[in-house]
Amino acid sequence: MNLTDKLNRRYASKMMNSLPVDDQKVENILEAIRLAPTSLGLQPFTVFVVKNQDMKEEIFRTAASGQPQIPTCSHLLVFAANRSITTEMLDEYFELINNTRNLPKEKVVTYRQLMDGLLNRSNEANFTWAAHQVYIALGFGLVAAATEGVDSVPIEGFNPKALDDLLQLEEKNLGSVCLMAIGNRDEEKDYNAKLPKVRKSKEKLFTEIN
Ligand SMILES: Cc1cc2nc3c(=O)[nH]c(=O)nc-3n(C[C@H](O)[C@H](O)[C@H](O)COP(=O)(O)O)c2cc1C
């Protein structure tokens with residue numbers, strides 16, 4: 001199967017069969033999320049990987065009761081963006097840059113000055129910006145899952161306040177943005193499994209400027 005075949009095979013699974021996904025496949029999906037690009041490279045988010053069945057059920061009950069994929073998935077990823085950008089986060093990022101790349105000092109100083117601009121923006125603006133980065137990582141995760149032949153579904157239909165309370169995210173300077181359930185489709189119970197894709201035509205979606 002080529003990439004297009006794999007993307008056609010993927011769909012938003014509404015019901016999974018509770019079977020576990022192979023550890024190596026999960027690892028590959030998480031690695032794709034880790035390698036996703038982010039604005040300025042900051043990666044202003046954390047992903048919780050929930051395998052524990054009691055916790056999946058608790059999340060379903062308290063924050064996402066309309067999403068039967070959650071208790072029946074293998075792993076539930078909770079993408080949580082930073083609520084604010086802090087000097088400590090930037091310090092940590094620059095230490096990582098310094099330890100990873102041997103860049104000339106002037107270059108790092110200019111970059112740091114640019115990034116310090118984030119500290120002058122409102123927490124609301126920075127949270128929105130961080131959430132945008134989450135969605136890119138989510139997209140990488142979805143494509144990686146399709147590539148691995150693993151079923152998945154992105155989930156925005158949940159109560160972020162209830163989930164933040166349950167996972168004590170506010171205390172960690174985090175706010176939940178979206179979820180991604182990964183697992184194995186339940187072909188019999190999932191009405192979505194056999195439906196054809198609904199997508200705009202290429203002509204409608206793309207406008208060529210030659
Ligand atoms: C950001 C985002 C949030 C979504 N939230 C939900 C959700 O809460 N529950 C759900 O069942 N599907 C959710 N979906 C799945 C979409 O409904 C689905 O991707 C879309 O209808 C296209 O169908 P397909 O993915 O099966 O091709 C979401 C998709 C995206 C990208």
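These legends walk through several close-up views of one predicted protein model.

Since the model is predicted, local features are described only at pLDDT of at least 70 and side-chain atom pairs count only at pLDDT 80 or more, while totals for chains, interfaces and linings use all residues. Residue numbers start from 1 along each chain, as its sequence is written.

**View 1. The whole chain, with its nine helices and four strands.**
Helices (H or I, at least four residues) and strands (E, at least two) are DSSP runs, numbered from the N terminus. Follow the sequence along and you meet them in the pattern α-α-β-α-α-β-α-α-α-β-α-β-α. The C-alpha atoms fill a box of roughly 60 × 50 × 35 Å along the principal axes. Of the 210 residues, 31% count as buried. Here, buried stands for 20 or more other C-beta atoms within 10 Å of a residue's own, exposed for 12 or fewer, and partly exposed for anything in between, with C-beta atoms placed from the backbone. Two residues are in contact if those backbone-placed C-beta atoms lie within 7 Å. Among contacts with a separation of 6 or more, 83% link residues 24 or more positions apart.

**View 2. The largest nonpolar core, with 42 residues.**
A nonpolar core is a set of buried Ala, Val, Leu, Ile, Met, Phe, Trp, Tyr and Cys residues joined through C-beta atoms within 7 Å. Look for Phe79, Val134, Leu179 and Ala181, the residues with the most contacts inside this core. Several elements each supply at least two core residues, including helix 2 (23-34), strand 2 (75-82), helix 7 (123-148) and strand 4 (174-183). Helix 7 gives the largest share, nine residues. Zoom in on Leu179: leaving out residues up to four places away in sequence, Leu179 touches Leu76, Leu77, Val78, Phe79, Ile155 and Phe158.

**View 3. Helix 2 against helix 7, with axes 8 Å apart.**
The two helices pack at an angle of about 150 degrees, so helix 2 is roughly antiparallel to helix 7. Axes are lines fitted to C-alpha atoms, for helices over the stretch in contact, and angles run from 0 to 180 degrees between N-to-C directions. Angles under 35 degrees count as roughly parallel, over 145 as roughly antiparallel, 65 to 115 as roughly perpendicular, and the rest as oblique. The crossing is right-handed; that word applies if the near helix is turned clockwise from the far one by less than a right angle, and left-handed if anticlockwise. On the helix 2 side you'll find Lys25, Asn28, Ile29, Ala32 and Ile33, which meet Ala137, Phe140, Gly141, Ala144, Ala145 and Glu148 of helix 7. Sorted by class, this contact has seven nonpolar, two polar and two charged residues. In this sorting, Ala, Val, Leu, Ile, Met, Phe, Trp, Tyr, Cys and Pro are nonpolar, Asp, Glu, Lys and Arg are charged, and the others, Gly among them, are polar.

**View 4. Helix 5 (residues 87-100) beside helix 6 (residues 105-116).**
This pair packs at about 155 degrees, with axes 11 Å apart, which means helix 5 is roughly antiparallel to helix 6. Helix 5 passes helix 6 in a right-handed crossing. Leu90, Phe94, Ile97 and Asn98 of helix 5 make the contact with Val108, Arg112, Met115 and Asp116 of helix 6. The class tally is five nonpolar, one polar and two charged residues.

**View 5. Helix 3 crossing helix 8, and Phe60 in helix 3.**
The angle between helix 3 and helix 8 is about 140 degrees and their axes are 9 Å apart, so the two are oblique to each other. Helix 3 passes helix 8 in a right-handed crossing. Glu58, Ile59, Thr62 and Ala63 in helix 3 meet Ala162, Leu163 and Leu166 in helix 8. Now find Phe60, which is buried because 20 other C-beta atoms lie within 10 Å. Setting aside neighbours within four places in sequence, Phe60 is in contact with Ser65, Gln67, Ile70 and Pro71.

**View 6. Two loop residues with positive phi, Ser18 and Gln168.**
Ser18 sits in the loop between helix 1 (3-9) and helix 2, and its phi is near 70 degrees. Ser18 counts as partly exposed because it has 14 C-beta neighbours inside 10 Å. Gln168 lies in the loop between helix 8 and strand 4, with phi near 50 degrees. With 9 other C-beta atoms within 10 Å, Gln168 is exposed.
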